[in-house]
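Me: Please take a close look at one strand and its hairpins. Then follow the charged side chains elsewhere in the chain. I am in my first year, so give each term its cut-offs.

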Amino acid sequence: MSNKIAKNVLISLALLLCAALVFAACQPGNVFTPVEIPAEAEAEGNGGIAVKYGDWIYYVNGYQSSATANNAYTSDVRTGAIVRIKVSDLNDVIAINDQDLTSSEKTESIAKAVAEKAQMVVPNFYYTGNTSSTALNGIYVFNNRIYITTPNNELDINGNVLSSQLVLASYNMGGGDMQRHYVFQSNAPQLKLSQVGEDVYATFVLDGNLSVLKVGESEADVIAEEITTPVFSGDYVYYLDSDGSICRYKTGDAEAKTVVENPSVEDEKSSESYTIRSANGDYVYYTVEDDTQTSGKKLYYANDTKSGEIVLDTVPSGNYYGWRDKVVYTTSVPEEPVTMYGIWVASGDGTDKKEVLDAAQNSSSITFNKLVGDTLYYTANSISYTLDLSTEGAQPVAYAYSLSTSATGWSVPDVLGEYVFSLGSGSVSVVKFNPVTKRNSDASVITFTVIEEDVA
């Protein structure tokens, strides 16, 4: 071998060694190892803090408030990561509260049980800066993949982490095969994830624009610009366009449609303005304000086939929702020796009224929480119920006790079957609701942590 060739070989080997050292230095020393993928199952309870998938419950490991926290794909256990535990093991953890132990002993036993039974599945933490519409926030499972939003951990040209951006990412059910689907230039989009057929969509409002991304495509389509007051309901989002007309977009459609056109589009002298009050599926409910009518006297409704008005003067003071072309409301009924409370459904003009919850059976004031389809969610005496408005003689079904409606940052408590999950700063807790006693188990902190073994 000539000296020239030998010298070139040595130089090449040196360069390869340097490259290997640089590559090794750039790699984290504790790269996350995905866990076992479970048997294929249907997801239950998509959105929110927790999702059930077969024998497992996947949940967010505490509220992460900082987008700049360490978000590397490593085995480090962190706040906001996605964790899973088997339902049977969760029940065993909750049952520790019934053991004859002191409070501190229960806390220690629960922490050890969670550390033993739970598994970290996705080390990147869930995050969103959207605190204006918290009902949209949460983790989802579509097509046997976990979808989350997480701060962008890539670097800009100056070496700064792009944590002010948000990444829509998905992983297999073991936390492997991470795929980055889209980067939002702000970490605060109002974002709804949904599945239509086999396709997954991200419908979002950001910087006054309504856009939709079909997962798998590189670019999002702008549906409408300069929109205001977006209201999400199922697969629909309603909004006011730049003309003040009420428009609706349905996930999967190519474009939005105008539901109620503002007269000012044709008549520049018109002074009407609309305010969207609520939406329920393909129905939107709104009020009108002009020179002759102040907002609030009438509630208007519209969908593809009908429109009309609900005279609110016929509704006694109390909670109400538009429902189909009717109104559902609650009010008090003076009785001796106590005041009773019921729920009624009435026609738009108030001439046809039907009691759907007998006031004679309820002495506690009623608070409406939400209306989804035909199901009314309400609270009385700290117990939360559902009531099917479409079924004659339907009875209320209790599903939670002392359910908080307040948010911790982007997070609101999440009801998943008989369990209620709540996030605190850096922690997650769960209670189990008993529909017979209508009370909860003691709260169990199920934050996944690494328990250090005592060294003798």
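Reply: What follows starts with the whole protein, goes on to the strand, and ends with the charges.

First, the ground rules. This is a predicted model, in which local features need pLDDT of at least 70 and side-chain atom pairs count only at pLDDT 80 or more, while totals for chains, interfaces and linings use all residues. Residues are numbered from 1 along each chain as its sequence is written, and side-chain values use heavy atoms, with hydrogens and water left out.

Now the whole protein. Its secondary structure comes to three helices and 34 strands. Helices (H or I, at least four residues) and strands (E, at least two) are DSSP runs, numbered from the N terminus. Along the principal axes, the C-alpha atoms fill a box of roughly 105 × 70 × 35 Å. The protein has 456 residues, and 43% of them count as buried. Buried means under 20% relative accessible area, exposed means over 50%, and partly exposed lies in between (1.4 Å probe, protein chains only).

Here is the strand: β11, residues 199-206. Strand β11 is mostly covered, with seven of its eight residues buried. What does β11 pair with on the β10 side? Strand β10 (residues 190-196) runs antiparallel to β11, and seven bridges join them. Two strands pair if DSSP finds at least two bridges between them. One of the contacts puts Gln190 across from its bridge partner in β11, Val205. The β10 and β11 hairpin has two residues between the strands, and Gly197 takes a positive phi near 65° there.

Strand β12 (residues 209-214) pairs with β11 too, in the antiparallel sense, over six bridges. Leu206 stands opposite Asn209 in β12. This hairpin of β11 and β12 also has two residues between the strands. Asp207 lies in that loop. Its positive phi is about 55°, although Asp207 is not a glycine. Is Asp207 buried or exposed? Asp207 is exposed, at 69% relative accessible area.

A second residue can be set beside Asp207. Ser382 has a positive phi of about 70°, and Ser382 is not a glycine either. Look for Ser382 in the loop between β27 (375-380) and β28 (383-388). With a relative accessibility of 38%, Ser382 counts as partly exposed.

Next, the charged side chains. A salt bridge is a side-chain nitrogen of Lys or Arg within 4 Å of a carboxyl oxygen of Asp or Glu. How many salt bridges does this rule give? The count comes to 14.

Start with a pair inside a helix. Glu108 forms a salt bridge with Lys112, and their closest N and O atoms are 3.4 Å apart. Both residues lie in helix α3 (residues 103-117), four residues apart, about one turn of the helix. Glu108 is partly exposed at 47%. Lys112 is partly exposed at 44%.

Now a pair with a long reach. Asp304 and Lys257 meet in a salt bridge of 3.6 Å, N to O. The pair links distant parts of the chain, 47 residues apart: Asp304 is in the loop between β20 (298-302) and β21 (307-311), and Lys257 is in strand β17 (residues 257-260). Asp304 is partly exposed, with 47% relative accessible area, and Lys257 counts as partly exposed at 40%. Arg248 joins in as well: Arg248, Lys257 and Asp304 are linked in a network of salt bridges.

Another bridge uses the loop between β20 and β21. Asp325 forms a salt bridge with Lys306, with the closest N and O atoms 3.5 Å apart. Asp325 lies in the loop between β22 (320-323) and β23 (326-334), and Lys306 in the loop between β20 and β21, so the pair ties together parts 19 residues apart in sequence. Relative accessibility is 22% for Asp325, which counts as partly exposed. Lys306 is partly exposed too, at 35%.

Last comes the loop between β17 and β18 (273-280), where Glu266 is found. Glu266 is exposed, with a relative accessible area of 68%.
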